Amino acid sequence: MEKASLARFCCLFVILFATVCDGFYLPGTYMHTYSNGEPILAKVNSLTSIETELPFSYYSLPYCKPPGGIKKSAENLGELLMGDQIDNSPYRFKMNQNESLYLCTTSPLNENEVKLLKQRTRDLYQVNMILDNLPAMRYATQNGIKIQWTGYPVGYAPPLSNEDYIINHLKFKVLVHEYEGSGVVLLGTGDETMAVVQEPEKKLNGYEIVGFEVIPCSIKRDPEAMKKLKMYDIVDPVNCPVDLEKSQIIREQEQVSFTYEVEFMKSDIRWPSRWDAYLKMEGARVHWFSIMNSLMVIFFLAGIVFVIFLRTVRRDLTRYEELDKEAQAQMNEELSGWKLVVSDVFREPTCSKLLCVMVGDGTQILGMAVVTIIFAALGFMSPASRGMLLTGMIILYLFLGIVAGYVGVRLWITVKGTTEGWRSVSWSCSVFFPGIVFVILTALNFVLWGSKSTGAIPISLYFILLSLWFCISVPLTLLGGYLGTKAEPITYPVRTNQIPREIPARKYPSWLLVLGAGTLPFGTLFIELFFILSSIWLGRFYYVFGFLLVVFILLVVVCAEVSVVLTYMHLCVEDWQWWWKAFFASGSVSLYVFMYSINYLIFDLRSLSGPVSAMLYLGYSLIMAIAIMLSTGTIGFLVSFYFVHYLFSSVKID
């Protein structure tokens, strides 16, 4: 019976893991070469806009449908959570064959279709097409500067016209590189082990797709003449752009004919470099100089703080050691500062269980961030693998539940001195942060459902996420808590009196200093935060993970320094309630991150329109701020705890 239950659990685990990891592949393993005349099928992703941030299905508009019907591509967990909906499309190419083809003519547009097309046009929605995993790129020149976008607009509204026009003709340019290499043979099928064997003598010739560009335009065609054609019949090519009189207007009872052209061009771009055009940033040199300058300033300030701190602590320790040697009889009269709180410094803090839970969850988020950034910096998070970054983060978070349970329970045992209540702490660690995220996402999901957006999480995905949460994360967190009870307990170097010492009154609240301490860690990441927010909300590719790793290391160092310095300052004024203040001294950076997110919404996302878009933005920003608070607060608290433990164990106290 036990074996059957174990087998069922293993099967469920494998199914859930396979569901999450669908599409989780390494860049470089899916290169495909095409022979002359081989058909190539383009795909379409969700319609997106930087004005609303609400993705919608491509086929929610009256576009031509593929002959075999609409078929969804396999999507991993990250793609579903980001609102990607990849479908097949009627756009079909043949390698190295330049063509101009007809697709279809719509029925007369009704009132709802016209209203929807005009709304999507004025909200600046983009059509996102994919060919061989490359997004369609569009170029334009403004004031002598070449600008690039991914995708093309649904339509456009000229400034001197009150009408809207639909994009119904596309001119594609496919860049190909001729490939010559060794053949590859796959051995093994079904349940057998699959091996890859290279045959040096067998040469494979073909073409790699290394670029995918599109020029959109609007053309008014005779619908009666177009209806006589069949899909993929040849039509005359068109020179774009055309005059407004010859453009296809969006109006009731209008019939829209869709056509496209394709031109293949040989290129010297190699397959490993085909993403360089998408990752190129205009003015990147200026950004790098600004970022490096900020890094040097932060390093300099952090170094000064660290050096001053070391000299101050060392001077105090030396002075107290000399007092022990020279005047032990007068030592109690000479005591001042942090040594006066020796009997209270390890007194249990208020809401100790909440502190243990937050520190446990903080270590889980911190571990997820460290591993993700390192893997991304090593090149495992290619932009070609859509959803891979988010999928990897979720997988790591699930399995790092064991760390959260271990740290939370061990801190609980240290504070309480007993293992009683460890199950409650472990359970709280497993539901605290995920529960907050679940509540926020559910509220936002109702908004997305009401807007009929593809960004809404499907009900089936809800069950998958809940299953992953309670079948993987919760058991591992409980296991980590159990391991925490078996670990060697941390003992305090001094005893705690039963009666707490009175804390001297201060001229200003100590929490003002704690909140102000978050400005220094925020100074290390606010420039990088701008690029991250731009990649999320402006549809740009983020790829400088190597620099992000450097910034992350710097952030950890500064958070540790700030919390330790503030803890020492509070002890020096006989304030022994340092536990929560050490946590929020570095965790308060999240407050500034959230405030900066609001500033970014007001000044950099001025095009974001509507209360729904603002709610989505603020909801996701709140989740990000809470995660930053837990992770940075954990850094500050753990380092401060080690510092206080070391400080009071290094001094002889009678």
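The following paragraphs lead through the chain from its overall make-up to its cores, selected helices and individual residues.

The structure is a predicted model, in which local features need pLDDT of at least 70 and side-chain atom pairs count only at pLDDT 80 or more, while totals for chains, interfaces and linings use all residues. Residues are numbered from 1 along each chain as its sequence is written, and side-chain values use heavy atoms, with hydrogens and water left out.

The chain contains 18 helices and 14 strands; these are DSSP runs (H or I, at least four residues, for helices; E, at least two, for strands) numbered from the N terminus. Of its 654 residues, 49% are buried. Here buried means under 20% relative accessible area, exposed over 50%, and partly exposed in between, with a 1.4 Å probe and protein chains only. Among contacts (heavy atoms within 4.5 Å) between residues at least 6 apart in sequence, 83% join residues at least 24 apart.

The interior may be considered through its nonpolar cores, each a set of buried Ala, Val, Leu, Ile, Met, Phe, Trp, Tyr and Cys residues joined through side-chain atoms within 4.5 Å. The largest nonpolar core has 99 residues, and those with the most contacts inside it are Tyr91, Phe93, Met129, Phe172, Phe212 and Phe648. Helix H18 gives the most to this core, with 12 residues. Because domain 1 (38-188 + 198-278) and domain 2 (284-290 + 350-500 + 522-650) both give residues to this core, it lies between them; the domain bounds come from an automatic or database domain assignment. Beyond residues up to four places away in sequence, Met129 touches twelve-part surroundings that include Ala42, Val44, Tyr91, Leu134, Leu170, Phe172 and Phe212. A second, separate core of 39 residues includes Leu366, Leu533, Leu548 and Val593.Val593 also appears among the buried residues of helix H17, which are Val589, Ser590, Tyr592, Val593, Tyr596, Ser597, Tyr600 and Leu601. An α-helix has 3.6 residues a turn, so residues three or four places apart point the same way. The buried residues of H17 pack against helices H13 (510-517), H14 (519-537), H16 (579-587) and H18 (611-649). H17 itself spans residues 589-603, and its 15 residues reach 21 Å from the first C-alpha to the last, close to the 21 Å expected at 1.5 Å a residue. The expected span is 1.5 Å times one less than the number of residues in the helix.

Helix H11 (residues 422-450) has 29 residues and reaches 42 Å between its first and last C-alpha, close to the 42 Å expected. A kink of about 30 degrees in H11 is centred on Pro434, where the bend at a residue is the angle between axes fitted to the seven residues ending there and the seven starting there. After H11 comes Lys452, with a positive phi near 55 degrees.

Most residues other than glycine have a negative phi, and most peptide bonds are trans. Two further residues that are not glycine have a positive phi: Tyr232, at about 75 degrees, and Cys351, at about 50 degrees. Tyr232 is in the loop between helix H4 (223-227) and strand S14 (257-266), and it counts as buried because its relative accessibility is 16%. Cys351 occupies the loop between helix H7 (331-334) and helix H8 (352-377); at 53% relative accessibility, Cys351 counts as exposed.

Helix H8 also holds Thr372, which is buried, with a relative accessible area of 6%. Apart from neighbours within four places in sequence, Thr372 is in contact with Leu389, Met393 and Leu396.

Ser49 lies in the loop between strand S1 (39-44) and helix H2 (77-81), and its relative accessible area of 5% makes it buried. Ser49 and Tyr125 are 76 residues apart in sequence, yet their C-alpha atoms are 4.5 Å apart in space. With neighbours within four places in sequence set aside, Ser49 is in contact with Asp123, Leu124 and Tyr125. The side chain of Ser49 also reaches the backbone oxygen of Asp123 at 2.4 Å.

Thr105, in strand S3 (residues 99-105), is likewise buried, with a relative accessible area of 18%. Its side chain makes polar contacts, each a pair of N or O atoms within 3.5 Å; within protein, one must be able to donate a hydrogen and the other to accept it, and residues adjacent in sequence count only if both atoms are side-chain atoms. One such contact, of 2.9 Å, joins the side chains of Thr105 and Tyr102, and another, also 2.9 Å, joins the side chains of Thr105 and Ser257. Leaving aside neighbours within four places in sequence, the residues in contact with Thr105 are Pro223, Met226, Lys227, Gln255, Val256 and Ser257.
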